[in-house]
Amino acid sequence: MPGSSGLLPAETRAYTDTMAARGTTHFYTLEAVRADGSVAGTHVWSCVFQDRV
């Protein structure tokens, strides 16, 4: 399964998953990381990408 890991810039407000296939469910984990590397919080969610009508 393709995936992405690593840190995005602190100013990031959106992320586009260019590997997401239409009609399939994708699961994501967002982790807020402090400057010292400790985790401030984690949020997990799923979504289904569909074509717009």
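Start with the whole protein and its surface: about 5000 Å² is exposed, and carbon and sulfur atoms supply 55% of that area. The model is a predicted one. Keep all 53 residues selected for a moment; buried residues make up 4% of them.

Switch to a cartoon view. The secondary structure consists of two strands and zero helices. For the contacts with a sequence separation of 6 or more, 21% are between residues 24 or more positions apart.

Next, select strand S1, residues 25-33, and pick out His-26, which lies in this strand. Is His-26 buried or exposed? His-26 has a relative accessible area of 16%, and the cut-off for buried is under 20%, so His-26 counts as buried.

Now show what surrounds this side chain. Leaving aside residues up to four places away in sequence, His-26 touches Ala-20, Ala-21, Trp-45, Ser-46, Cys-47 and Phe-49. Of these neighbours, look at Ala-21: its backbone nitrogen is 3.4 Å from a polar atom of the His-26 side chain. A distance label between those two atoms will mark the pair.

Move on to Leu-7, in the segment before strand S1. Its relative accessibility is 73%, and exposed means over 50%, so Leu-7 counts as exposed.

Which residues form a nonpolar patch on the surface with Leu-7? Add Val-33 and Val-39 to the selection: together with Leu-7 they make up the patch, and the accessible area of the three comes to about 280 Å².

To finish, display His-26 and Leu-7 together: His-26 is buried, whereas Leu-7 is exposed.

Conventions
Residues numbered from 1 in each chain as written. Predicted model: local features only at pLDDT ≥ 70, side-chain atom pairs only at ≥ 80, totals over all residues. Heavy atoms only, no water. Patch = residues over 30% accessible without salt bridge, like charges linked within 9 Å, V, L, I, M, F, W, Y side chains within 5 Å. Areas by Shrake-Rupley, 256 points an atom, 1.4 Å probe, with all protein chains shown as cover. Salt bridge = Lys/Arg side-chain N within 4 Å of Asp/Glu carboxyl O. Helix = DSSP H or I, 4+ residues; strand = E, 2+ residues; numbered from the N terminus. Buried < 20%, exposed > 50% of the residue type's maximum accessible area, 1.4 Å probe, protein only. Contact = heavy atoms within 4.5 Å. Polar contact = N/O pair within 3.5 Å; in protein donor to acceptor, adjacent residues only side chain to side chain.
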